[in-house]
Structures are given as C-alpha cells and as structure tokens.
Amino acid sequence: MCPGLHSDLTSKLKQAGCQLIPSRQIYLYRANDPNFGNAKSRWLLKRDYELLAKHGYEIVSQASLTDADISRIAELYRLLYLEKYSYDNPQFSEHFIATAKASGALALYGLRKEGRIDAVMGYFCRNGVMTTPLFGYDTAVPQFTGLYRMLSACLIGQARENGHLLHESSGAAQFKRNRGAVADFEYSAVYERHLPLGRRWCWLLLDRLLNRVGVPLMRRMKL
C-alpha cells in the first residue's frame, strides 16, 4: 500500500499500532487531473508519441491483435522482464496471455511495424487506478528507436483517455519524473507488539533505519 492511494487505510493501520516498513519507491501519474504536469513534461510526451510516425509504427488495440500474435507478445515480455531483468518476475505463458486477452482481464495494445509487433503492454484498472503488469519490447531493436518511450507515451495516453490514475511501478526514476510522475512509497504494515522483544527488535530497527535514513535519502536524491 502507499499513502497516495490508500490514505485512510494507512492512517487506520498506524492508529492500530502497526509499523509501516518501506518496501519500494513507486511513481504515480495523475492522468485524471487535467492540470497535472508542466510544459516540459507535456513536450517530452508529445515528442515520445511522435516517434511512432517517425519510425513507422502504429498502435494497435486488442481488437487488432490476433491469436497469431500471442507467441510474439509472450516473447517480448520475456525479453524485457525475464532475460534483461530477472527470472524472479512473473513468467507469463502464452496460455496466460491468450486467456487474459479472451477474458478481457488485460487490455492489450501493441506497436506494429510492417506486420510485426515490436512492443506490447497489457493493463487493468481497479477503483480508478490503472497498472500494467505486462510490458515488453524487442530489446534487439536499437535503443535510439525509442520503443520504451513510445510505449510509455501510449500507456499515459490510455490513462488520460480513460481518466485513470496510472500506477507506474518502480524503476526509470528520472524518465518518469521528467514526464510528470510523482514519487510515493509502498509500505508493508507490520503489527509486532504481541511479540517478545527478541523478535520485535528487527522490525523496530528496520522502521527507524528505513524511515529515518532510507526514505529521506531517496527523496532528497530523487532515486
């Protein structure tokens, strides 16, 4: 949970005596606020979106994605989140993607060029908050092409069109800040008062170390 999304829950858990232990810094894009962002962020998003025409890509909706695209979608996710980052990430299979597409559990969009999907995103929305568990692109395409920039611009465009707050997860801090996202922290609420001191001390230490040193340092350095 994070205070920016769950302020009431955060307050009640603190009142109940829980320790709020920071787990990671995340970024929120308030696309549902028409006054959100500044001139620089709007210019950067416009430039990112213009890369589609520059490099000959078109964004295709779920209606235009066929069963023949399923294996490519699974490959693009694997190339980014598993092979580039970590196999500890969720390992979405072709069967999962096909089921998510058929059921509407994920709204899928891709970037297609000359008949080939080179980038894909899949998102869902709950209670006005949108998040994207499926995101991937062909890591062999030269970086200057800007697949990540194009896909991110299309994602923000979808959030704006639907009036949703976009949860952009963690990572790529400067990139997201430059485009108008604001930082927040996710916390784990831990109730430890019933435990003997020998088992409580580690949570008390984490609380003081992370909240008094780690979080202020990350905020100050904009990590």
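Is Y77 buried or exposed? Y77 counts as buried, with a relative accessibility of 2%. The model behind this briefing is predicted. The protein has 7 helices and 7 strands, and a search of the whole structure turns up 8 aromatic pairs. Two of these pairs are described below, along with the cluster that includes their rings.

**Overall build**

- The secondary structure comes to 7 helices and 7 strands.
- Along the sequence, these elements follow the pattern α-β-α-β-α-α-β-β-β-α-β-α-β-α.
- The C-alpha trace spans about 65 × 40 × 30 Å along its principal axes.
- Among contacts with a separation of 6 or more, 72% join residues 24 or more positions apart.

**Aromatic pairs and cluster**

- The whole-structure search gives 8 aromatic pairs.
- One of them joins Y77 and F92. Their ring centres are 4.8 Å apart, and the planes meet at 35°. This pair is tilted, because stacked planes must be under 30 degrees apart and edge-to-face planes over 60.
- Y77 belongs to helix α3, which covers residues 70-85. F92 sits in the loop between α3 and α4, the latter covering residues 94-103. The pair therefore ties together parts that are 15 residues apart in sequence.
- F92 also pairs with F96. Here the rings are stacked, at 4.7 Å centre to centre and 10° between the planes.
- One aromatic cluster takes in Y77, Y81, Y85, F92 and F96.

**Burial within the cluster**

- Y77 is buried, at 2% relative accessibility.
- F92 has a relative accessibility of 18%. That value is under the 20% cut-off, so F92 counts as buried.
- F96 has a relative accessibility of 35%. Partly exposed residues fall between 20% and 50%, so F96 counts as partly exposed.

**A charge over a ring**

- Which residue lies over the face of F175? R179 does, at 3.7 Å from the ring centre.

**Surface and charge**

- The protein has 223 residues, and buried residues make up 42% of them.
- The exposed area is about 12,300 Å². Carbon and sulfur atoms supply 53% of that area.
- The protein carries 30 positive and 20 negative charges. The mean positions of the two sets are 10 Å apart.

Notes. Residues numbered from 1 in each chain as written. Predicted model: local features only at pLDDT ≥ 70, side-chain atom pairs only at ≥ 80, totals over all residues. Heavy atoms only, no water. Phe/Tyr/Trp six-rings, centres within 6.5 Å; stacked < 30°, edge-to-face > 60°. Helix = DSSP H or I, 4+ residues; strand = E, 2+ residues; numbered from the N terminus. Buried < 20%, exposed > 50% of the residue type's maximum accessible area, 1.4 Å probe, protein only. Lys NZ or Arg CZ within 6 Å of the ring centre and 35° of its normal. Contact = heavy atoms within 4.5 Å. Areas by Shrake-Rupley, 256 points an atom, 1.4 Å probe, with all protein chains shown as cover. Lys, Arg positive; Asp, Glu negative; His and termini not counted. Charge placed at Lys NZ, Arg CZ, Asp CG, Glu CD.
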